[in-house]
Amino acid sequence: MNIKYQTHILACFLAAGIFSGCSKNPVTGKKEIIFMSKEKELALGAESHPAVVGSMGLYDDKNLQAFIGEKGSAMGKISHRPELNYQFFIVDSPVVNAFAVPGGYVYFTRGIMAHFNNEAEFAGVLGHEIGHVTARHSARQQTTQILGQVGLMAGMVLSPQIRSMGDQATQALQSLFLSYSREHETESDKIGVAYSSKIGYDAVEMADFFGTLKRISDKNGHSIPTFQSTHPDPGDRLKNVKALALEYQKANPGQYTVNRDQYLRRIEGIVYGEDPKQGFVENGQFYHPELKMQFPVPGDWQYENSPAQFQMAPKDGKSVMIFTMAQGKTLDEAAQTVIKNYNLQVSENDKVTIHGNQAIALISTQAAQAQEGQQQQAQTPETTTKVATWLIQYGGNIYAMHGVATAANFANNLGQFRSIAQGFKAVNDANILNRQPERIRIKTVQRNATLRDALKDFKMPDAKLGDLGILNGMELTDQVSKGMLIKTLGK
C-alpha cells in the first residue's frame, strides 16, 4: 500500500469522524467530540443486556430487586438525563462489582450487595454507575480510542521514525487511555456523591465503602500502583470521596440518611461466595448438581465457570476446553449445528459411548475466513485451529465438549482432551447433589464486645473471621454493642 493511498484513507476517516460528532455533554455542559449518537448508545445497551445476562445470570430476589429498582428510578429522575429508561439488575456473581452499559442499564452483583452495610453505601455506588451513563463515558472513551488510533496511524504513515517505534507509540496511547479512564472514574465519584445526596443519603458512607474495596483488593493480592490502574486506588478514593461528601453537605445542610439496620435485614439470606448449584470444582472434578453430571479437571489447569459455559486451560495457554449446552434435538442435529456455527471442516466423525451415554466424536479444522476486503491468508500449523468435539446425550440434554488448539499443538493435547471427555458421567453422591451455598445471616449482638468475640459467640470458625470482618466493614478489634446487627454466615 503506498503512502498517498494511506494518507487519502486517513483524511477520509478524519473527515467522516470529526465533522459529524460535536455535541454538548449533559453533565459538564461542555461541547465535545462524540462519535456515538444517542440512538447508537441506546441500541448498544439493548444489545449488550442479553450478553450480560447470558454470561452471569440474574439473581432471584424479588424484594432486593424491587429495592434497587425503586432507588434507581428515584435517582434517574434527578440525574442529568432523566429522559432515559434506566433499568437495574442484580446479576448472579460472587465478584464484588457494579457496572453500567450505555443507554441506562445498571448492574450490581450479588457479591457487592452482600458487602454493602447500609443503604447509603449502595446509593453512593448507584450514583457512581448512573454517572457513567449520564456523562456518556462509554461514548467518550470510544471517541478517545478512535482519535488515538487515528493519531497513531497518522504518525506511522507520515514519519518513518514514528513508524519504526510503533510498539512504543501504542503503549503510550494505552497509557493515555488509562488516564482517561481514571478521569472518568473520578468524575463518576463526584456525580455519585451529588446524586446519592440529592435523594437523601449520606455520601460519606460511599467513601467508607472504598475502604471495604481496598481490603478486598489487598486480601486478594490485586493491589497495584495507581498509575497502572484504570480505576483510582480505593484508598485514594476513600479520602477524595469523603472530602467531596463533606463539601457537598456543608454547601447543602440537611438530614442525610444511612439506614444500616434496614439494609442488613434486606440482604438476610443472600448467597455468599460460589453457588454450588451452578457447578463447582472439588478434588479434581467439575460437579454440576442441577445437571447431575461431572467430568475431570486437571489439577494444574485454570478454569472459569459461568451460567453459559465452563472453560478450562493449562497455564501455558496453548489449548482450551469448553463445556456448554449443544443446540439440537438429536446428536446428528447437534453435530450439524456445531459444524455450521463454528465453520468446521470435519476429518473424523465417530459414534461412541461414554459411560453408557450415546455420543458423537468429531475431529475438525476450523475453516479460514478472509476479512472483508482482504485476501485469505495461507494457513500454517501455527495459525490453523483444530477442534476435538464430543457431543454427549445425557439427562434429556445434549452437551458439547470442545478441545481447541493450533494444529502445531493439537496432537500433543488430543490425548488429554479425550481423557477429560471420556470422564463425563452421572453424579449420584447425595453430598454433591444436595450441596448448599453459604448465605449471609443477620444476627443480633448479645453483649458489648469486639466484633471478633461477637462472631465467636455465633460459632463462626476462625478461618472465616477475616472475611467476616470485611463483610461487616469493620476490623475484628472494633467494638460492637448489645442489640447491634452484624453479618454472619450460615446455610
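1. Two strands count as paired if DSSP finds at least two bridges between them. The structure discussed here is a predicted model. In it, an open sheet of 3 strands runs in the order E3-E5-E4, and the pairing is mixed. Strand E3 (87-91) and strand E4 (98-101) are the edge strands, since each pairs on one side only. From one strand to the next, the twist averages 20°.

2. In general, the strands of a sheet pair through backbone hydrogen bonds, in either a parallel or an antiparallel sense. Which sense applies to E3 and E5? E3 pairs with strand E5 (residues 105-109) in the parallel sense, over 5 bridges. As an example of a bridge, Phe88 has Val106 in E5 as its partner. Helix H5 (residues 119-134) packs on this sheet and touches E3, E4 and E5. The direction of H5 makes about 25° with that of E4.

3. One residue of helix H5 can be followed further: Ala120. Is Ala120 buried or exposed? Its relative accessibility is 0%, and buried means under 20%, so Ala120 counts as buried. With neighbours within four places in sequence left aside, Ala120 is in contact with Tyr201, Asp202, Glu205, Met206, Thr257 and Val258. Ala120 and Asn259 are 139 residues apart along the chain, but their C-alpha atoms are separated by 7.0 Å.

4. The next topic is aromatic rings. A search of the whole structure finds 22 aromatic pairs. One of them is Phe99 with Tyr107: the ring centres are 4.9 Å apart and the planes are at 20°. Planes under 30 degrees apart count as stacked, so this pair of Phe99 and Tyr107 is stacked. Phe99 and Tyr107 are both buried.

5. Tyr303 and Phe310 also form a stacked aromatic pair, with 5.8 Å from centre to centre and 25° between the planes. How exposed is each partner? Tyr303 has a relative accessible area of 46% and is partly exposed, whereas Phe310 has 2% and is buried. Tyr303 and Phe310 belong to one aromatic cluster, together with Phe286, Phe295, Phe323, Tyr394, Tyr399 and Phe424.

6. Helix H13 (residues 407-422) deserves two checks, one of length and one of direction. The expected span is 1.5 Å times one less than the number of residues, so the 16 residues of H13 should span 22 Å. The end C-alpha atoms of H13 are 22 Å apart, which agrees with that figure. H13 also has a kink of about 50°, centred on Asn413.

7. An α-helix has 3.6 residues a turn, so residues three or four places apart point the same way. Which residues of H13 are buried? They are Phe410, Asn413, Leu414, Phe417, Ile420 and Ala421. Asn413 thus appears in both accounts of H13, as the centre of the kink and as a buried residue.

8. The last element is strand E21 (residues 485-490). Of its 6 residues, 6 are buried, so E21 is largely enclosed by the rest of the structure. Both faces of E21 are covered. Leu485, Lys487 and Leu489 are buried on one side, and Ile486, Thr488 and Gly490 on the other.

9. What is the sense of the pairing between E18 and E21? Strand E18 (residues 438-444) pairs with E21 in the antiparallel sense, over 6 bridges. Within this pairing, Lys443 stands opposite Ile486 in E21.

Note on methods:
Residues numbered from 1 in each chain as written. Predicted model: local features only at pLDDT ≥ 70, side-chain atom pairs only at ≥ 80, totals over all residues. Heavy atoms only, no water. Helix = DSSP H or I, 4+ residues; strand = E, 2+ residues; numbered from the N terminus. Axes fitted to C-alpha atoms, helices over the stretch in contact; angles between N-to-C directions. Contact = heavy atoms within 4.5 Å. Phe/Tyr/Trp six-rings, centres within 6.5 Å; stacked < 30°, edge-to-face > 60°. Buried < 20%, exposed > 50% of the residue type's maximum accessible area, 1.4 Å probe, protein only. Bend = angle between axes of the 7 residues up to and from the residue.
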